[in-house]
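Me: I would like a close look at a single part of this protein, set against the rest of the chain. Please take the part slowly and keep the description connected.

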Amino acid sequence: MVAVAGRPNVGKSTLVNALTGEKVAITSTVPNTTRKRIFGVATGDDWQLVLVDLPGFQRPMDALTERMQETVDGSFEDVDAVLLVLSARDRIGAGDRFVARRVFGLDVPVVIALNKIDRLKHGHVAAQMKTAATLGDFHALHPVSAKVRDGVTELRDDLVQLLPEGPLLFPRDARTDQTLDERIAEIVREKALHLTREEVPHALTVELVERDERAVRAAVLVETESQKGILVGKRGATIREIGTRARPEIEALVGGPVFLELVVKVRPRWRRDRRALERLGF
Ligand SMILES: Nc1nc2c(ncn2[C@@H]2O[C@H](COP(=O)(O)OP(=O)(O)OP(=O)(O)O)[C@@H](O)[C@H]2O)c(=O)[nH]1
Ligand SMILES: [Mg+2]
């Protein structure tokens, strides 16, 4: 098992998908996309790599982000290695050093992935690698692009080398620990994140209401009436677009046609209410 750590938005989930070979985690340009711990599983002839995708390290602002940081803090026990992800497109600074202090203090090897090197000049990548190398006593440092899958195979081979011998943790064909319901809700949330801005992506969550063989009913929850207006859109255009984008991915996952019904609901202060969070599975 390898925990994937880093600041929000550096590309952890994109890298987990690239390493897993399937989209198991949703991604977006908005920080704090990942809210729960999820496993991405890759299996070869004689190895199995379980990547533990995590929320980004952050200073909590409410009950939700508190929960997220608790998840991060509790996820480094029992892992065999840590994959520390950095973004080569940003300054490697205090936030990265904070994460580094934590992971280099664990008693397991740390592999650094310097991500987002696509379209960057060679000299810039080299300078960022030099800075990354000062973060701690790493096992290996890989410049990669999760987006165009550059350097991902080499990184995976290196991670596999670090794994101890043991039984398979997941069946050979498993790609994640998430249930189908969870994956469907996440796909809807991803499309909603992509179509909203500013505070709205942070204020929304998706709850699966009902599912049978051919139909899925899900609710997009927001905190205020005005956020609801934004998600519904002019004559329902935005929520309809979320459905249009989510449906093909859900159908591919389920393996057949799906009737997708989405509603938008207001649930005031769900991010601040521990009980509401619990009900939503946080
Ligand atoms: N150019 C470029 N963009 C990337 C790369 N990897 C990820 N991104 C983009 O960076 C953004 C964040 O990616 P995520 O994978 O969601 O990042 P994350 O670290 O999981 O973010 P949180 O879950 O919010 O902590 C998305 O817009 C990705 O498309 C890459 O290799 N190159
Ligand atoms: Mg993520």
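Reply: What follows begins with one arginine and then moves outward to other parts of the chain and to the whole protein. The model is a predicted one, and the description should be read with that in mind.

The residue to look at closely is Arg189, which lies in helix α6, a helix that covers residues 180-194. Although arginine is counted among the positive residues, Arg189 has a relative accessibility of 3%, and because buried means under 20% relative accessible area, Arg189 counts as buried. Its side chain has a polar partner, since the side chain of Glu186 makes a polar contact with the side chain of Arg189 at 2.9 Å. When neighbours within four places in sequence are left aside, Arg189 is in contact with Ile26, Thr33 and Arg35, and also with Leu204, Thr205 and Val206.

A second arginine, Arg214, offers a contrast: Arg189 is buried, at 3%, whereas Arg214 is exposed, with a relative accessible area of 64%. Arg214 is found in a loop, the one that runs between β7 (205-211) and β8 (215-222). With neighbours within four places again set aside, the residues in contact with Arg214 are Pro257, Val258 and Phe259. From Arg214 to Arg274 there are 60 residues in sequence, and their C-alpha atoms are 34 Å apart in space.

Elsewhere in the chain is helix α2, made up of residues 63-73, where Ala63, Leu64, Thr65, Met68, Gln69, Thr71 and Val72 are buried. The buried residues of this helix pack against α10, which spans 274-279. At the start of α2, a side-chain oxygen of Asp62 comes to within 3.2 Å of the backbone nitrogen of Leu64.

These parts belong to a protein with 10 helices and nine strands, in which 50% of the 282 residues count as buried. The radius of gyration is 19 Å, which agrees with the value near 19 Å that a compact globule of 282 residues would have, and the C-alpha atoms fill a box of roughly 55 × 40 × 40 Å along the principal axes. Among contacts between residues at least 6 apart in sequence, 69% join residues at least 24 apart.

As for the surface, the protein exposes about 14300 Å², of which carbon and sulfur atoms supply 48%. The protein carries 43 positive and 41 negative charges, and the mean positions of the two sets are 8 Å apart.

Notes
Residues are numbered from 1 along each chain as its sequence is written. Chains are lettered from A and ligands numbered from 1 in the order in which they are written. This is a predicted model: local features need pLDDT of at least 70, side-chain atom pairs count only at pLDDT 80 or more; totals for chains, interfaces and linings use all residues. Side-chain values use heavy atoms; hydrogens and water are left out. Helices (H or I, at least four residues) and strands (E, at least two) are DSSP runs, numbered from the N terminus. Buried means under 20% relative accessible area, exposed over 50%, partly exposed in between (1.4 Å probe, protein chains only). A polar contact is a pair of N or O atoms within 3.5 Å; within protein, one must be able to donate a hydrogen and the other to accept it, and residues adjacent in sequence count only if both atoms are side-chain atoms. Contact means heavy atoms within 4.5 Å. The radius of gyration is taken over C-alpha atoms; the globule rule is 2.2 Å times the number of residues to the power 0.38. Accessible areas come from the Shrake-Rupley method with a 1.4 Å probe; for residues, only the protein chains shown count as cover. The place of a charge is taken as NZ of Lys, CZ of Arg, CG of Asp or CD of Glu.
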